[in-house]
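Trainee: I have a new structure to look at and would like to learn how to read it. Could you walk me through it?

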Amino acid sequence: MSRNKTVKDYIRTIVDFPHEGIMFRDVTTLFADPRGFRMAIDQMLHPYAGEQIDKVVGLEARGFILGGAIAHQLSVGFVPIRKKGKLPGTTISQDYKLEYGEAIVEIHDDAIQPGEKILVVDDLLATGGTAAAGIKLIERLGGEIISCSFIIDLPELGGRKMLEDMDMDVHVLCEFEGL
């Protein structure tokens, strides 16, 4: 049976977390299983075989886990996009809207050189706000985004459409209905 598992089969759903009515898609169960984790990384890499990629950018926080593994497999550098105040060097920042309020993400101002080919990764694509903010930061530094890759898409929240409307290529491994 385990031979026929998909990435989606390794993802646990936690009902009413962090708030009532939310179906939290927990990828820690995927990360904890060596077969599931390797499957996810391999499938996230597959569409980019033969593509020139100079750096992988991971969005805080689970994007760091994926981004580090993918950058290692590609033998390229890894760049984190973090919440405001978490990076020690000189940064540029981008604000974005959340469901209830706003947030700010940052990147080191020397992390990406103009013309570098970038793959953006994270675990979950929901409204697309964090990814869109990250894309804006990368573009401000002159990076050329090859694609955005996610394990999970929540289509009802519209993030994929938002990124595609920004002319981004979007790759996802699985979808879950609902919030």
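Mentor: Gladly! Keep in mind that this is a predicted model. Let's start with one residue: leaving aside neighbours within four places in sequence, F176 is in contact with K8, I11, T13, R25, I152, D153, L154 and P155.

Trainee: Where in the chain is the place of F176?

Mentor: Look for strand 9, which covers 170–175. F176 belongs to the segment after strand 9.

Trainee: Is F176 buried or exposed?

Mentor: Residues under 20% relative accessible area are called buried. F176 has a relative accessibility of 8%, so the word for F176 is buried.

Trainee: How many Å apart in space are F176 and R25, C-alpha to C-alpha?

Mentor: R25 is among the contacts of F176. In sequence the two are 151 residues apart. In space, from C-alpha to C-alpha, the distance between F176 and R25 is 8.4 Å.

Trainee: Now the sheet. In what order do its seven strands come?

Mentor: This sheet is open, and its pairing is mixed. Its edge strands, each pairing on one side only, are strand 5 and strand 9. Neighbouring strands are turned by 20° against each other on average, direction ignored. Reading across the seven strands, the order is 5-6-4-3-7-8-9.

Trainee: In which sense do strand 8 and strand 9 pair?

Mentor: Strand 8 spans residues 144–153, and five bridges link it with strand 9. You can find F150 opposite V172 of strand 9. The sense of the pairing between strand 8 and strand 9 is parallel.

Trainee: At about what angle to strand 9 does helix 2 run?

Mentor: Helix 2, residues 34–45, lies across strand 7, strand 8 and strand 9. Helix 3, residues 62–74, also packs on the sheet, and its direction makes about 140° with that of strand 7. For helix 2 and strand 9, the angle is about 145°.

Trainee: Which strand gives the largest share of the lining of the largest pocket?

Mentor: That pocket has a volume of about 1300 Å³. Of its 36 lining residues, the closest to the centre include L98, E99 and L124. Several elements supply at least two lining residues each, among them strand 2, strand 5 and helix 4. The largest share, four residues, comes from strand 7.

Trainee: How many nonpolar residues does the lining of the largest pocket have?

Mentor: Sort the lining by class. Five residues are polar and nine are charged. The number of nonpolar residues is 22.

Conventions. Residues numbered from 1 in each chain as written. Predicted model: local features only at pLDDT ≥ 70, side-chain atom pairs only at ≥ 80, totals over all residues. Heavy atoms only, no water. 1 Å grid on protein atoms, 1.4 Å probe; cavity = no way out; pocket = protein on both sides within 12 Å on 5 of 7 lines; lining within 4 Å. Points joined across faces, edges and corners; volume = space filled by probe spheres on them. Nonpolar A, V, L, I, M, F, W, Y, C, P; charged D, E, K, R; others polar. Buried < 20%, exposed > 50% of the residue type's maximum accessible area, 1.4 Å probe, protein only. Contact = heavy atoms within 4.5 Å. Pairing = 2+ DSSP bridges. Axes fitted to C-alpha atoms, helices over the stretch in contact; angles between N-to-C directions.
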